[in-house]
Amino acid sequence: MNQRLTVCLLLFIFFSAPFASAAPPALELKSGDRIIFLGNTMIERAQKFGSWESVFLRSFPQAKLSFRNLGWSGDTVWAESRGIFDPPAVGYQRMIKQINELKPNYILLGYGGNEAFAGKAGLSAFQNQLQKLISDLKPTGAKLIFISPHRYENEGAPLPDPKSHNQDLKLYADILQQTAEQGDHYFVDFYSQLIPEPKGDPGLEWTTNGIHLTKGGYERAAGIIAVDLGLKPIELSPAVADEVTRLTFDKNREYFYNWRPQNITYLLGFRKHEQGQNAKELPQFIPLIEAKEAAIHSLVSSH
């Protein structure tokens, strides 16, 4: 009788509880895995510091990982910054094509910061386009890591108090978290953890202007990435860490020159009839990039 009652109670609990989406599996990177960083200014500027790449490298020191930063300042889920002289829709398709060619295993997406300027009224459009982006990335087979926008720091007068805009940022961060949970994607919560809620006198600690992260801000963010993804990075000696940072900066700069040359209009755009013959030099950056990646792997794995 007691056993039958126990079974009935378990069945009641099972059918009464809402069906929750399963959490994604523990992050396990292996040699050859490629991580793409895709998104806005926060993503683009990350390539200058290397701390986000470092936290993955140090968590899997024996894995030969590669990273490609496709961040574009001011960008949105519509790829509004990527059109160059074309409409955003053309830049969006160009971005999707580039991602497919890179064959990523993971894509870290940083969106919502610019879209939040539309406030509550822009949430539906943002959510719809985010779902389209997810759908368009699905053929890559890559696992997705969403990072939320962070709060703005209160710098004080003459700049406005960011409290109202931070409330809008929270709405977009919540959409990203809900989307990640519903789709079994990874999620990193910068909004609640990166910039503390302002208390007391205004002042900057983690950003240069209330918005853009400092070197310390990126390092703090890397720590949050590690915790939220369950990573356990090893520590490098100061000398090795400095060399890895230098090589990462140089490698990222060369990749930036490869895919976003300053004279891109002349090399690949509507004026390529003038200097397009020089576009053959762009692939020549790849061996240089791969050599620096090999040096980074050697330094990290032997530590």
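Two strands are said to pair if DSSP finds at least two bridges between them. In general, strands of a sheet pair through backbone hydrogen bonds, either parallel or antiparallel. With that in mind, the predicted model can be read strand by strand. Here, 5 strands form an open sheet, and their pairing is parallel. Going across the sheet, the order is β2-β1-β3-β4-β5. The two edges are taken by β2 (66-69) and β5 (186-188), each of which pairs on one side only. On average, neighbouring strands of this sheet are turned by 20° against each other, direction ignored.

One edge of the sheet is worth a visit. There, β4, which covers residues 143-147, pairs with β5 in the parallel sense over 3 bridges. Within this pairing, isoleucine 147 stands opposite valine 188 in β5. Helix α6 (residues 163-183) packs on the sheet and touches both β4 and β5. The direction of α6 makes about 155° with that of β5.

Attention now turns from the sheet to a pocket. The second largest pocket has a volume of about 430 Å³. It is lined by 18 residues, and the closest to its centre are Ser51, Ser54, Arg58, Glu219 and Thr245. Three helices can be followed around this pocket on the screen: α3 (51-59), α8 (215-228) and α9 (238-259) are the elements that give two or more residues to its lining. The largest share, 5 residues, comes from α8. Sorted by class, the lining of this pocket has 8 nonpolar, 5 polar and 5 charged residues.

Technical notes:
Residues are numbered from 1 along each chain as its sequence is written. This is a predicted model: local features need pLDDT of at least 70, side-chain atom pairs count only at pLDDT 80 or more; totals for chains, interfaces and linings use all residues. Side-chain values use heavy atoms; hydrogens and water are left out. Helices (H or I, at least four residues) and strands (E, at least two) are DSSP runs, numbered from the N terminus. Axes are lines fitted to C-alpha atoms, for helices over the stretch in contact, and angles run from 0 to 180 degrees between N-to-C directions. Contact means heavy atoms within 4.5 Å. On a 1 Å grid over the protein atoms alone, a cavity is a set of points where a 1.4 Å probe fits but cannot get out, and a pocket is an open set with protein on both sides within 12 Å along at least five of seven lines; lining residues have an atom within 4 Å of a point. Grid points are joined across faces, edges and corners, and a volume is the space filled by probe spheres set on the points. Ala, Val, Leu, Ile, Met, Phe, Trp, Tyr, Cys and Pro count as nonpolar, Asp, Glu, Lys and Arg as charged, and the others, Gly among them, as polar.
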